[in-house]
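Biologist: I'd love a close look at one part of this protein, the cysteines, and then a short walk through the turns and loops. Could you take me through it?

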Amino acid sequence: MRIALEAAQAAAGRGETPVGAVVVDPASSEVIAVGANSPIGSNDPTAHAEIVALRAAAARLGNYRLTGLTLVVTLEPCAMCAGAISHARIGRLVFGAQDPKGGAVVNGVRFFEQPTCHHRPAVEGGVLAEESSAMLKGFFRARRG
């Protein structure tokens with residue numbers, strides 16, 4: 001999660017919403033890929049941290065199926081990202097802060113609980129949640145100020 005938080009901080013430095021994600025191989029603890037929010041800089045509405053990390057991991061491994069890998073992200077994934085996580089066959093999702101407005105894992109549509117969801121990762125939320133939440137709140141407070 002610390003690596004994801006560093007990626008989130010880097011995103012904030014570029015004016016992007018501070019969300020970071022890391023794909024890790026739990027068997028070896030190897031970091032496969034790191035992603036940070038970049039929809040503004042890349043002019044890509046799908047460039048959420050999770051999508052960026054999943055794309056980089058798939059490219060590195062030469063396979064769109066990331067079976068058994070862990071995705072660590074600083075904020076609860078939205079519906080788009082939850083769908084991508086399911087399609088990638090991520091084995092475990094770890095996230096920091098909950099997102100009551102846009103989250104789709106423990107809030108909103110609860111994507112992985114839907115009968116149409118073909119793959120459900122193990123989910124652990126709340127890891128360094130206060131730090132993740134503080135970073136997001138500080139970012140938006142500064143933008144409004």
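Modeller: Happy to! This is a predicted model, and it holds 0 disulfides. You may wonder about Cys78 and Cys81: the sulfur of Cys78 has its closest cysteine sulfur in Cys81, at 3.7 Å. A disulfide here needs the two sulfur atoms within 2.5 Å, so the 3.7 Å between Cys81 and Cys78 is too far for a bond. As for its surroundings, Cys81 is buried, with a relative accessibility of 0%.

Cys81 lies in helix H4, which spans 79-88, and the loop after that helix leads on to strand E4 (92-97). In this loop sits Arg89, whose phi is positive, near 65°, although the residue is not a glycine. The side of Arg89 facing solvent is limited: the residue counts as partly exposed, at 22% relative accessibility.

A similar backbone feature turns up at Leu128, another residue other than glycine, with a positive phi near 50°. You will find Leu128 in the loop that links strand E5 (122-124) with helix H5 (129-144). Leu128 is partly exposed too, with a relative accessible area of 31%.

The last stop is a hairpin. Strands E1 (residues 20-25) and E2 (residues 30-36) run antiparallel and are joined by 6 bridges. One of the pairings puts Ala21 opposite Gly35, its bridge partner in E2. Between the two strands there are 4 residues, and in this hairpin Ser29 takes a positive phi near 65°.

Methods
Residues numbered from 1 in each chain as written. Predicted model: local features only at pLDDT ≥ 70, side-chain atom pairs only at ≥ 80, totals over all residues. Heavy atoms only, no water. Buried < 20%, exposed > 50% of the residue type's maximum accessible area, 1.4 Å probe, protein only. Pairing = 2+ DSSP bridges.
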